[in-house]
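Trainee: I'm new to this one, can you walk me through it?
Mentor: Sure, have a look first and then ask away.

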Amino acid sequence: MRRLSEKTLPDVPAVVARPAYDRATIRPGIVHLGIGAFHRAHQAVVIDDRLAAGEVGWGIVGASLRAPDTYDALTPQGGLYTLAVRSAGPTRHRIIGSVSEVLVAPETPLKLLERLADPAIRIVSLTVTEKGYCHDPATGALAEDHPDIRHDLTSNLPRSAVGIIVEVLARRRAAGVAPFTVLSCDNLPANGETVKRVLARFAALRNADLGRWVGDNLACPSTMVDRIVPATTDADREEIARALGVEDAWPVVAEPFWQWVVEDHFPSGRPDLAASGVEMVGDVAPYELMKLRLLNGSHSTLAYLGYLCGYETVADAIADTGIAGTVRRLVGDATPTLRALTGFDVEAYKASLIQRFANPALRHRTWQIAMDGSQKLPQRLVATVRERLGKGMAAGAPALGIAAWMRYVTGIDEKGAAIDVRDPMAGRLADIAREAGPVAERLAPALLSLSEVFGELAADPRLVRPVTAALASLYAVGAKETARRFQAGELAL
Ligand code: CS2
C-alpha cells in the first residue's frame, strides 16, 4: 500500500478532511518539544486551523527529545498524519498539515539549537510529560541532582528540555534576539510558573546574570490542556489505512472533546488561538485545578483500581459499578477544593466525565495511565487531600486512589503475576515494597514517607490512617470488592 504524503493526498477519499491551505507557503513560528500523540491530537490541530485561516507564519517544527520513531514515521509523509476522532458514532478522519519538519534532538542536536535560535520562532511549546521538567514534583523546584541537569550544566550539547531552552535563550540574548514565549502544555499545576522556575534556576546555575535575565524577560504563560489521546495501536493503523486507502505510519486517535485554556501573555506574538476555540484568560489556575483533580485524579484512580481488577481499558473499568461509584465519589470529594470559575459550567464538565471515560471506541489502557504515578499523584490526588484536610474534612476518596497506587507499585498483581511498573522512581518503589512486604501497616507508611510525592503529609495521621485502611482492604478482599465497599459507604476513608 502507498504511503500518505503530499503526492498521495489527492487519492484519499473526499470525506476525509485535509489541510485547506497550500503547505508550501507555511513558515515555522513554533518549535514544539516532545512531539508525541497528545501534541499532534491537540495543539497541532488548532494550529492547522490557524494556518487554514491564513496565519501562515505559525507552522510547527516538532522535536523528539529521545526516540527517532516519530521522525521515522512522519518524515517520509512530509509531516502529514491522520487524526481519527472516535466515539460511539462513526469515526471522523482528518489529515493534519501543521507539522512541517520533525527533528530528533539526540541525533541532530545542533540543527535543533539552530531552529530554536531563529528569530522567526516566537513560541516554544512543550509536552514532555511531568518527569520532563526535571523538578521535584512536591515542591516544584529544579531537581539539581537530576542526571540530565548535571549533564546539561557542563555540556554545550544539552539533552533535557530545560537545558536546551536555556542554551538557546543564552544564544538569542547574545545575538540580541528577543526570547520566544515558552508554553508548557503538560498536566502540571501552574505549568507556566513551574517551567519558568526551573528555567530561571538552571540559567542561574550556569551564570547568575543569565538567571536574572531569564527571570526578568521570559514569558511562560500557563495552560490547561484536555483531550483523551490513547497510544496508537497497530489495529488503529489498519483501520485508518482502510479508511484512507493509503498507509499512515503514525496516525493519532482521540475523543471528540477537547479544551485548551491559555493565559494570554505572549509578548513575542501568537496566532489568534481564540478564533479556533481556545479560551484565552487572565488566570488559568482554576481551570487547571479543576481538570487535574477531576479528570486526571479520576483517571489515575481508575487506572490503578482497574488494572488490579484485571480491566485492560478505562472503558472496561468504568463499566464496573464499584469503580464508577468510586470515581463519582472522588469527583464529589474534589469539588470543595476547586476555585470558582465564572462563565464555565463545572457541573456540565463533571457530568461529562463518566461518559468520556466510557467512550467505547477508545481503547485507553489502564496500564498507560498508570505510568509515572510518582510524578502524577502530587497534583492529582495528594493536593486534593491537602486542601480537604485544611478545610477540616477527611481525606476521602483520594486515599483509595493513593492506596491503589501503592498496591500497584509493589509490582505484583492480585493473581501473583508481575506488573510492568514504569516510573522514574520504580527502583526505589520496588525496594520499599520488598522491604515492607505485603502488609498495609508497614507498606503504607513506608511509601508515604516519599517526600517528593507526599511532602509534609508523610506522617500526618489524617492521611496515614485512611490510606492504610484502604490498602489493608485491597490486600484482604481485592480491588473490585474494595471499590464496591467504598462506593456503598461500607469503607470510610
Ligand atoms: C492521563 C492523561 O495518561 C494520563 O495520565 O490521565 O493523559 C489524560 O488522558 C489527559 O490529561 C486528558 O486530557
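Here is our chat about some strands, a helix and the cores.

Mentor: Quick ground rules: this is a predicted model, where local features need pLDDT of at least 70, side-chain atom pairs count only at pLDDT 80 or more, and totals for chains, interfaces and linings use all residues. Residues are numbered from 1 along each chain as its sequence is written, and side-chain values use heavy atoms, with hydrogens and water left out.

Trainee: Which residue in strand 7 is the bridge partner of Val124?
Mentor: Helices (H or I, at least four residues) and strands (E, at least two) are DSSP runs, numbered from the N terminus, and two strands pair if DSSP finds at least two bridges between them. Strand 6 (residues 123-126) runs parallel to strand 7 (residues 181-184), with four bridges joining them. Val124 also partners Val31, from strand 1 (residues 28-33), which is parallel to strand 6 and joined to it by four bridges. On the strand 7 side, the partner of Val124 is Val182.

Trainee: Are the residues of strand 6 buried or exposed?
Mentor: Buried means under 20% relative accessible area, exposed over 50%, and partly exposed in between (1.4 Å probe, protein chains only). Ile123 and Ser125 point one way, while Val124 and Leu126 point the other way. Whichever way they point, all are buried.

Trainee: Why is helix 6 largely enclosed by the rest of the structure?
Mentor: Helix 6 covers residues 161-174 and reaches 20 Å from its first C-alpha to its last, close to the 20 Å expected at 1.5 Å a residue (that is, 1.5 Å times one less than its number of residues). Its buried residues include Ile164, Glu167 and Arg172. It counts as largely enclosed because, of its 14 residues, the number buried is 11.

Trainee: Which helix gives the most to the largest nonpolar core?
Mentor: A nonpolar core is a set of buried Ala, Val, Leu, Ile, Met, Phe, Trp, Tyr and Cys residues joined through side-chain atoms within 4.5 Å. The largest has 90 residues, and Ile402, Trp405 and Met406 touch the most other members. The top contributor, with 10 residues, is helix 10 (residues 285-309).

Trainee: And which residue stands opposite Val262 in strand 11?
Mentor: Strand 10 (residues 259-263) and strand 11 run parallel, joined by three bridges. They belong to an open sheet of three strands in the order 8-10-11, with mixed pairing. Opposite Val262 you'll find Met280.
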